[in-house]
Amino acid sequence: QLQLVESGGGLVQAGGSLRLSCKVSVHIVGSYAMGWFRQTPGKEREFVAAISGSGGGTNYGDSAKGRFTTSRDDAKNTINLQMNNLKPEDTAVYYCAIKWGSQATTVAAEYVTWGQGTQVTVSS
C-alpha cells in the first residue's frame, strides 16, 4: 500500500532553517513526480515545490523561490525540502504528495496520494 510519511517539522525562529523529509512506503521507480504543499486554517492548499520523476526538473512556488530547495533520493524512497531563511508567514502544515507521471506540476488535484502533514511554526 502506498503511503507517504513526512517528518522534520517543528518550531524555529525567523531566519532559521528546517529540513523536511517524506518517506514513501514503496520503491520509487523514478518515474513519478513528487510535490510539497502547505496549508493554514481557512485557506486553500498552496503549492510550495515539486520535483520531476527523474529529479532533473524542479518547480517552486513564488513564496519558496530562492529560499527552499527540494531533492529526491530514490534509493531511500525519500524526498526532502530544505527551507532556509524562514519567515513567520511560512507557518503551516506541510504535505508531500506523489503523482503519476514525471512532470513536476503545481496543481494539487493532480497528486493522488498525500502524507499526513507535518507542522512548521516560525516565530518572529
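Let me start with one pair of residues in strand S8, where the bridge partner of Ser-71 is Asn-80, and I should say at once that we are looking at a predicted model. A further pairing in S8 has Ile-79 as the bridge partner of Arg-72. These pairings belong to the contact between strand S7, residues 68-73, and S8, two strands that run antiparallel and are joined by six bridges. If you follow the chain between them, you will see that S7 and S8 form a hairpin with four residues in between, and that Asn-77, which sits in the turn, has a positive phi of about 55°.

Now let us turn to strand S3, residues 18-24, which also pairs with S8 in the antiparallel sense, again over six bridges. One example to find on the screen is Arg-19, whose bridge partner in S8 is Gln-82. As for S8 itself, which spans residues 78-83, is the strand mostly covered or mostly open? The strand is mostly covered, with five of its six residues buried.

Stepping back to the sheet as a whole, we have an open sheet of four strands, paired antiparallel, in the order S1-S3-S8-S7. Strand S1, residues 4-7, and strand S7 stand at the edges, and each has a single partner strand, so one side of each is left without a neighbour in the sheet. From one strand to the next, the twist averages 15°. As general background, the strands of a sheet pair through backbone hydrogen bonds, and they may do so in a parallel or an antiparallel way.

My last topic is the disulfide, and how many of these does the structure hold? It holds one, and this disulfide joins Cys-22 to Cys-96, with a distance from S to S of 1.9 Å. Cys-22 lies in strand S3, which we have already met, whereas Cys-96 lies in strand S9, residues 92-98, so the pair ties together parts that are 74 residues apart in sequence. For anyone new to the term, a disulfide is a covalent bond between the sulfur atoms of two cysteines.

Why do we call this disulfide, between Cys-22 and Cys-96, right-handed? We do so because the torsion about its S-S bond is about 55°. Finally, are these two cysteines buried or exposed? Buried means under 20% relative accessible area, and Cys-22 has a relative accessibility of 0%, so Cys-22 counts as buried. Cys-96 is likewise at 0% relative accessibility, and therefore Cys-96 counts as buried too.

Conventions:
Residues are numbered from 1 along each chain as its sequence is written. This is a predicted model: local features need pLDDT of at least 70, side-chain atom pairs count only at pLDDT 80 or more; totals for chains, interfaces and linings use all residues. Side-chain values use heavy atoms; hydrogens and water are left out. Buried means under 20% relative accessible area, exposed over 50%, partly exposed in between (1.4 Å probe, protein chains only). Two strands pair if DSSP finds at least two bridges between them. A disulfide is a pair of cysteine sulfur atoms within 2.5 Å. Axes are lines fitted to C-alpha atoms, for helices over the stretch in contact, and angles run from 0 to 180 degrees between N-to-C directions.
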